[in-house]
Amino acid sequence: MVPVQDMVVPPAFLLGVGAGTTSNKAMNTDPTRANLALPPCVGYGRRWCRMRRMARAQHHRVCPVWVGYLLASPIRTLFQDPQKILAPYVSSGMRVLDVGPAMGFFTLPLARLVGPPGRVICVDVQEKMLSALMRRARRANLADRIEARVCDADSLRVTGLALTIDFVLAFAVVHEVGNATRFFGEIQSVLTPRGRVLFAEPRGHVSERAFQESLAVAKQNGLHKTESLKIARSHAAILERA
Ligand SMILES: C[S@@+](CC[C@H](N)C(=O)[O-])C[C@H]1O[C@@H](n2cnc3c(N)ncnc32)[C@H](O)[C@@H]1O
């Protein structure tokens, strides 16, 4: 039987269909904004309606686990080839942080690029994403160079990694993060002085303006854009320490 993650299914989020997030703003801090299309709260108390909106926004903010299977589909490689995207920035022996890896579409190629002397540290808020990622890593014989850590929604919990990371991948994750300021601040803190960040957001979810806003937040936190990248269906840039 074909494993679910290897089935050829169109990756919905890459086709611009919702991946479970409800806002295309980079700083998704106002949960009420996400449900403006809801019918008016006729017949309900205001407080109840507000709680309902917040619950829905909270529920939708993070990419659902089933989308993780779509994101890991090999068909995605046809237009987002991890090897081509990552090879210019990642080499043997590097220490890499993959933020919000889901089931590891980019993580496994990263592990191949860093080779046996390197390490890929994955931080995600969803334990189920990480356990599927590690299953895939074990099948590919790459588990010994990958470390998976569950983080908090408002903190990557990377204090022990200060100044040790050569490359950070933040692909299609920032629009799901509540506090972009803290997010970029934490990323900046783990980077080595010559370290680089590949920051990408899906065009289907995130407007050009929201991406620019995120770049401005990154800059305020000591990460400035040094290169614009062309990646299909994405806004993308390389960031470095200011
Ligand atoms: C749309 S998926 C992108 C997955 C992967 N980077 C890719 O491109 O295939 C977003 C991932 O970010 C994770 N995520 C959401 N909010 C996060 C946060 N605050 N910190 C870390 N990971 C987060 C989600 O659980 C999900 O696995």
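Colleague: In what order do the seven strands of the open sheet stand?
Modeller: This is a predicted model, in which local features need pLDDT of at least 70, side-chain atom pairs count only at pLDDT 80 or more, and totals for chains, interfaces and linings use all residues. Residues are numbered from 1 along each chain as its sequence is written. Strands (E, at least two residues) and helices (H or I, at least four) are DSSP runs, numbered from the N terminus. The pairing (at least two DSSP bridges between two strands) is mixed, and the order is β3-β2-β1-β4-β5-β7-β6.

Colleague: Which strands stand at the edges of the sheet?
Modeller: Strands of a sheet pair through backbone hydrogen bonds, either parallel or antiparallel. Two strands here have a single partner each, so one side of each is left without a neighbour in the sheet; they are β3 and β6.

Colleague: How far apart are the end C-alpha atoms of helix α5?
Modeller: The expected span is 1.5 Å times one less than the number of residues. For the 13 residues of α5 (127-139) this gives 18 Å, which agrees with the distance found, 19 Å.

Colleague: What arc do the buried residues of α5 cover?
Modeller: A residue is buried if 20 or more other C-beta atoms lie within 10 Å of its own, and exposed if 12 or fewer do, with partly exposed in between; C-beta atoms are placed from the backbone. In α5, Met129, Leu130, Ala132, Leu133, Arg136 and Ala137 are buried. They lie on the same side of α5 because the arc, taken from the directions from the helix axis to the C-beta atoms, is only 160°.

Colleague: Which exposed residues does the opposite face of α5 carry?
Modeller: This face is turned away from the buried side of α5. Its exposed residues are Glu127 and Arg138.
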